[in-house]
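Work through the following exercises with the sequence and the model open beside the text. Each task is followed by a solution in steps.

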Amino acid sequence: KSGAGDAAATLESKNQALINVNLAVCDLLVPFMHMESPGKGDGLDAPATSGMTHQGAWWGNHVLGYLHGMLQGVALQPHQGTLQGAVSTPPSMYPSVLQTMQRALPAAQVVPTDRAAVYLAVTELWERSSARSIERAAASRLFGEVLRTPESVVAAGVPGELCARWIRGIPKALWELRHRQPRTSARLLRLLLHTAKYAAAGSPLHATLAELEPELAPFFFFPPAAASRRPDAQEPASPKLSPFLNLPRRVQRLALHVLYHLPAVSAATV
């Protein structure tokens, strides 16, 4: 058993080293993606397994394809001729993967369909991660940078439907975070604030903001359970403290600014 455990530990260590090397190579190649002229690659077709259609040199497909795969949770493909299956992306690697991908996407050779595929992978990463996870924190940082202004949204080339999906889960995330990660809560509230300030009426963002507003009510205050309000009760049950009341004052002020800029405030929130 000890020998098997040592072998597993050695394999895990080798896999991590290989992942580190792959990501470092991607990081080194990204600047060269910006130096190429669109449509003037090296004349070699990228292997179909890359899944990307980068218009520059063939290795650009590999860079995008590898980073895209990591965002989907696969850091290493199964080794042909061995018993080792696919290796999952270590949670600690997601911040680095997202940073490298953000640097790669503005390259002129990255076609819109590839950008959309990458942002969809980030969206799915956000949706499948727990509120307090490293993955969720890394994804929220990317969202915050992309959604900062209308110009940054256009520059990033993110479809409006995906932007709406990003903010759709924020009320639940704020509730799950409670007061335990005030920085992340502040980042999510700031994201809501920025989008609420510039979302045009009739846009997917504006519609989503209007839909999610009632769901913010439990973040600010939630009443006692209905079961505790019996007609024969001597006194009404005391309300539980909401996440809002336990957050630092600076985060509370930010949350109130969000309410001010939302399309409407429902009776439930008031």
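Throughout, buried means under 20% relative accessible area, exposed means over 50%, and partly exposed lies in between (1.4 Å probe, protein chains only). The model is a predicted one, in which local features need pLDDT of at least 70 and side-chain atom pairs count only at pLDDT 80 or more, while totals for chains, interfaces and linings use all residues. Residues are numbered from 1 along each chain as its sequence is written, and side-chain values use heavy atoms, with hydrogens and water left out.

**Exercise 1. Salt bridges**

Task: Find how many salt bridges the whole structure holds, and describe the pairs and their surroundings.

Solution: Begin with the criterion, by which a salt bridge is a side-chain nitrogen of Lys or Arg within 4 Å of a carboxyl oxygen of Asp or Glu. A search of the whole structure then returns 3 such bridges.

Step 1. Asp27 and Arg103 are joined through their side chains at 2.4 Å, N to O. This pair links distant parts of the chain, since Asp27 belongs to helix H1 (residues 2–35) and Arg103 to helix H3 (residues 94–104), 76 residues apart; helices here are DSSP runs (H or I, at least four residues) numbered from the N terminus. Asp27 is partly exposed at 34% relative accessibility, and Arg103 is partly exposed at 35%.

Step 2. Between Arg165 and Glu127 the closest N and O atoms are 2.7 Å apart. Arg165 lies in helix H7 (residues 160–168) and Glu127 in helix H4 (residues 112–128), so the bridge ties together parts that are 38 residues apart in sequence. With a relative accessible area of 32%, Arg165 is partly exposed, and Glu127 is partly exposed with 40%.

Step 3. Arg168 meets Glu215 in a salt bridge of 2.9 Å, N to O. Here Arg168 is in helix H7, whereas Glu215 sits in the loop between helix H10 (204–212) and helix H11 (217–220), 47 residues apart. Arg168 counts as partly exposed because its relative accessibility is 32%, and Glu215 is likewise partly exposed, with a relative accessible area of 38%.

**Exercise 2. A buried charge**

Task: Establish which side chain of opposite charge is nearest to Arg136, and how far away that side chain is.

Solution: Step 1. Locate Arg136 in helix H5 (residues 134–146).

Step 2. Count Lys and Arg as positive and Asp and Glu as negative, leaving out His and the chain ends. Arg136 is buried yet has no salt bridge, and the nearest side chain of opposite charge, that of Glu176, is 4.8 Å away.

Step 3. Turn to the backbone, where the side chain of Arg136 reaches the oxygen of Trp126 at 2.9 Å.

**Exercise 3. An unusual phi**

Task: Determine where Arg178 is placed, and examine its backbone and its accessibility.

Solution: Step 1. Arg178 is found in the loop between helix H8 (170–177) and helix H9 (182–198).

Step 2. Although Arg178 is not a glycine, its phi is positive, at about 55 degrees.

Step 3. Arg178 counts as partly exposed, with 28% relative accessibility.

**Exercise 4. A glycine in a helix**

Task: Decide whether Gly65 is buried or exposed, and relate Gly65 to Asp114.

Solution: Step 1. Gly65 is placed in helix H2 (residues 58–71), and a relative accessible area of 16% makes Gly65 buried.

Step 2. The C-alpha atoms of Gly65 and Asp114 are separated by 9.3 Å, while the two residues are 49 residues apart along the chain.

Methods:
Helices (H or I, at least four residues) and strands (E, at least two) are DSSP runs, numbered from the N terminus. A polar contact is a pair of N or O atoms within 3.5 Å; within protein, one must be able to donate a hydrogen and the other to accept it, and residues adjacent in sequence count only if both atoms are side-chain atoms.
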